[in-house]
Amino acid sequence: MWITRLGLRDFRNYKHRDFTFGEGLTIFVGANATGKTTIAEAIQTIATGESFRKPKWDETIRWGCREALVTMEAEGETAAVSVELHITADGRRGWKVDGVTRKQTRSATRFVPVVVFTPDDLTLVKGPAEQRRSAIDALGDQLSSGYATLRRDYARVVRQRNALLRDDAPDSHLTPWDEHLVHLGARLHLHRRRLLVRVAEAAAPVYAHISAGESLAIVIDDRCGIGLQDPTRAPSQEELETSLQAELRHRASDERARRTSLVGPHRDDIGFTLDGRDARTFASQGQQRTIALAWKWAEVNVVAGMLGKSPVLILDDVMSELDESRRRALTDLVRREGQTFITTTNTGYFEPGLLESADVVTTGGDA
Amino acid sequence: MAYYAPPIARLLAELERLPGIGPKSAQRLAYHILRGDADTAGRLADAIVEVKRSIHFCGRCFNFAERELCDICDDTGRDASAICVVEEPRDVVAIERTGEFRGYYHVLQGAISPIDGIGPDQLRVRELVARVGAGGITEVILATDPDIEGETTALYLSRLLKPLGTRVTRIASGLPVGGDLEYADEVTLGRALEARREMD
């Protein structure tokens with residue numbers, strides 16, 4: 001599916017603006033603070049229910065207004081859909097699909113898969129482990145509602161268990177939470193592994209292409225006691241549960257002392273190697289950015305492969321952050337099949353050929 | 001600025017405290033009451049006062065009761081060897097509606113949730129252990145909600161009750177995951193009861 005229309009009412013700095021989009025590439029050009037990123041955010045929000053800016057939702061309502069409204073119309077080969085999102089001053093969101101109210105965000109946001117690439121994503125390699133975990137988890141959430149549910153349930157178990165550890169609760173109170181942590185944690189870890197294999201398989205050829213032959217691999221540094229760095233070497237659910245149990249016993253006194261859950265996939269990390277060497281310590285700035293670019297490219301391919309439809313790609317202000325060769329690589333990604341939105345301050349970053357085929361929208365008109 | 005006469009404003013404020021009632025619903029209810037006759041309003045007020053005055057928790061199962069024991073605990077015709085453990089009084093109603101269960105109940109009045117400060121001691125767990133420990137119970141069916149907190153409560157109780165020598169079962173899923181018992185339809189809940197399993 002591709003997005004044909006986007007409407008913004010009192011969303012951030014937009015009072016009232018409607019856009020019509022083509023099936024290919026749309027470039028939003030404007031000076032800083034003219035609302036380019038807001039358009040990128042609105043597209044992601046209406047399509048997926050998430051925003052890369054991670055706002056409190058009431059912050060997205062234009063100053064002095066009671067409600068923000070974002071609308072989208074999307075079209076596929078066989079069907080069309082219209083989605084409405086009302087954001088009210090209490091931070092609540094109400095969804096409508098084809099005019100009918102939907103209670104769950106999930107049921108209103110499964111039509112158009114989206115991959116977003118922002119300058120923040122460029123720190124994937126060296127940023128905190130949390131950034132890498134959420135990169136893989138956000139992808140998993142979008143690919144399967146089972147993954148999303150599992151992740152939410154697991155996060156809840158960790159929160160509950162942490163509350164007990166903070167209060168120095170007796171072991172008998174901890175035991176049932178341990179069982180959940182082991183069972184759900186093993187499942188989450190295995191799902192992540194499987195997804196990482198797909199991302200790694202899709203990212204390696206892209207990286208090799210951009211870097212003229214270097215080999216990129218993705219490894220897992222787990223806190224589940226299993227110690228299998230290569231994601232393709234997957235343990236069974238039983239093996240993983242056994243190792244999680246052992247690791248919990250092993251770290252029990254640490255967990256008591258630090259009053260928080262130290263064992264489980266919420267502490268896993270993902271690493272990258274280039275020709276077998278750890279990218280975090282050995283890779284140059286440029287190589288790290290190439291890895292981030294290869295990861296995003298892989299996301300596009302994984303989503304397309306698993307959902308059978310090419311995702312909408314949103315590039316928010318990343319062109320200015322990349323050098324010539326990486327910009328060219330990103331341009332190749334943009335040329336693939338599928339709808340793409342790019343925000344930029346300067347169209348000079350784009351090849352004339354690409355610009356000719358694009359719809360160029362100037363921002364700052366109505367804000 | 002006052003839009004409403006003070007007595008109306010007070011009624012609106014009270015109505016808005018109720019779950020699911022926003023300013024508009026409160027206004028609709030208040031105007032309905034105002035338009036009706038005094039008897040109707042009196043009956044509503046009496047019913048509210050009366051339910052708070054006469055209803056307390058059953059001394060045995062902690063369901064709502066008008067007398068010392070609730071109607072179910074008072075019914076000697078039921079199967080005294082089975083106890084079905086639920087979180088809330090409304091869950092008793094949901095299971096009774098299935099007609100699949102003829103034993104007695106135990107209402108925990110919640111589920112274990114450390115982030116909300118609710119542990120076994122804040123629930124009617126000690127009373128449940130006492131009932132089972134008194135003997136004569138051959139099966140305890142754990143029918144807490146199929147969400148994380150409900151499952152944890154079930155796990156905790158099964159650890160506690162099994163050493164007492166009784167059979168401990170958990171209602172099977174078939175219930176929507178993450179759902180509350182009260183929203184389950186009778187057929188789903190009935191089937192889940194039939195397919196209950198032993199807890200390990």
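Student: In this predicted model, why are F272(A) and W295(A) called an aromatic pair, and what makes the pair edge-to-face or stacked? And are the two residues buried or exposed?

Tutor: Both F272(A) and W295(A) are buried. Their ring centres lie 6.0 Å apart, and because the rule asks for centres within 6.5 Å, the two count as a pair. The planes stand at 75° to each other, and since an angle over 60 degrees is called edge-to-face, that is the name the pair receives.

Student: Which parts of chain A does this pair tie together?

Tutor: F272(A) belongs to strand β10 and W295(A) to helix α9, which spans residues 285-307, so the pair ties together parts of chain A that are 23 residues apart in sequence.

Student: What makes the pair of F28(A) and F341(A) stacked or edge-to-face?

Tutor: Eight aromatic pairs are counted over all chains. In the pair of F28(A) and F341(A), the centres are 6.2 Å apart and the planes differ by 15°; because planes under 30 degrees apart count as stacked, this pair is stacked. F28(A) sits in strand β3 (residues 25-29) and F341(A) in strand β13 (residues 340-344), so parts of chain A that are 313 residues apart in sequence are tied together.

Student: How do you know whether F28(A) and F341(A) are buried or exposed?

Tutor: The relative accessibility of F28(A) is 1%, and that of F341(A) is 1% as well. Because buried means under 20%, F28(A) counts as buried, and F341(A) does too. These two residues also form one aromatic cluster with F19(A) and F21(A).

Student: Why is the contact of R132(A) with D269(A) called a salt bridge?

Tutor: The side chains of R132(A) and D269(A) meet with N and O 2.8 Å apart, and because the rule accepts an Arg side-chain nitrogen within 4 Å of an Asp carboxyl oxygen, the contact qualifies as a salt bridge. The pair links distant parts of the chain, with R132(A) in helix α3 (residues 129-143) and D269(A) in strand β10 (residues 269-274), 137 residues apart. Set against the limit of 20% for a buried residue, R132(A) at 2% relative accessibility counts as buried, and D269(A) at 9% does so too.

Student: What makes D178(A) and R161(A) a salt bridge, and which helices does the pair tie together?

Tutor: The closest N and O atoms of D178(A) and R161(A) are 2.7 Å apart, and because that value falls within the 4 Å of the rule, the pair is a salt bridge. D178(A) lies in helix α5 and R161(A) in helix α4, so parts of chain A that are 17 residues apart in sequence are tied together. R161(A) counts as buried, because its relative accessibility is 2%.

Student: In the salt bridge of D323(A) and R326(A), why is D323(A) called partly exposed, and is R326(A) buried or exposed?

Tutor: Here N and O are 2.6 Å apart. D323(A) has a relative accessible area of 37%, and because partly exposed covers the values between 20% and 50%, that is its class. R326(A), with 14%, is buried, since the limit for that class is under 20%. Elsewhere, salt bridges that share partners join D137(A), D141(A), R151(A), R192(A) and D268(A) into one network.

Student: How many salt bridges are found over all chains, and how many of them cross the interface of chain A and chain B?

Tutor: The search of the whole structure finds 36 over all chains, and two are found across the interface of chain A and chain B. In one, the side chains of R156(A) and E149(B) come to 2.5 Å, N to O, and because the rule allows up to 4 Å, the name fits. On the side of chain A that touches chain B, α4 (145-166) and α5 (171-211) each supply at least two residues.

Student: What makes up the interface of chain A and chain B, and how much area is buried there?

Tutor: Contacts join 14 residues of chain A to twelve residues of chain B. The two chains bury about 1,300 Å² between them, with 66% of it on carbon and sulfur atoms. Q160(A), W177(A) and H180(A) supply 33% of the area that chain A buries against chain B, more than any other three residues.

Methods. Residues numbered from 1 in each chain as written. Chains lettered and ligands numbered in written order. Predicted model: local features only at pLDDT ≥ 70, side-chain atom pairs only at ≥ 80, totals over all residues. Heavy atoms only, no water. Contact = heavy atoms within 4.5 Å. Buried area = accessible area lost by both parts, 1.4 Å probe. Helix = DSSP H or I, 4+ residues; strand = E, 2+ residues; numbered from the N terminus. Buried < 20%, exposed > 50% of the residue type's maximum accessible area, 1.4 Å probe, protein only.
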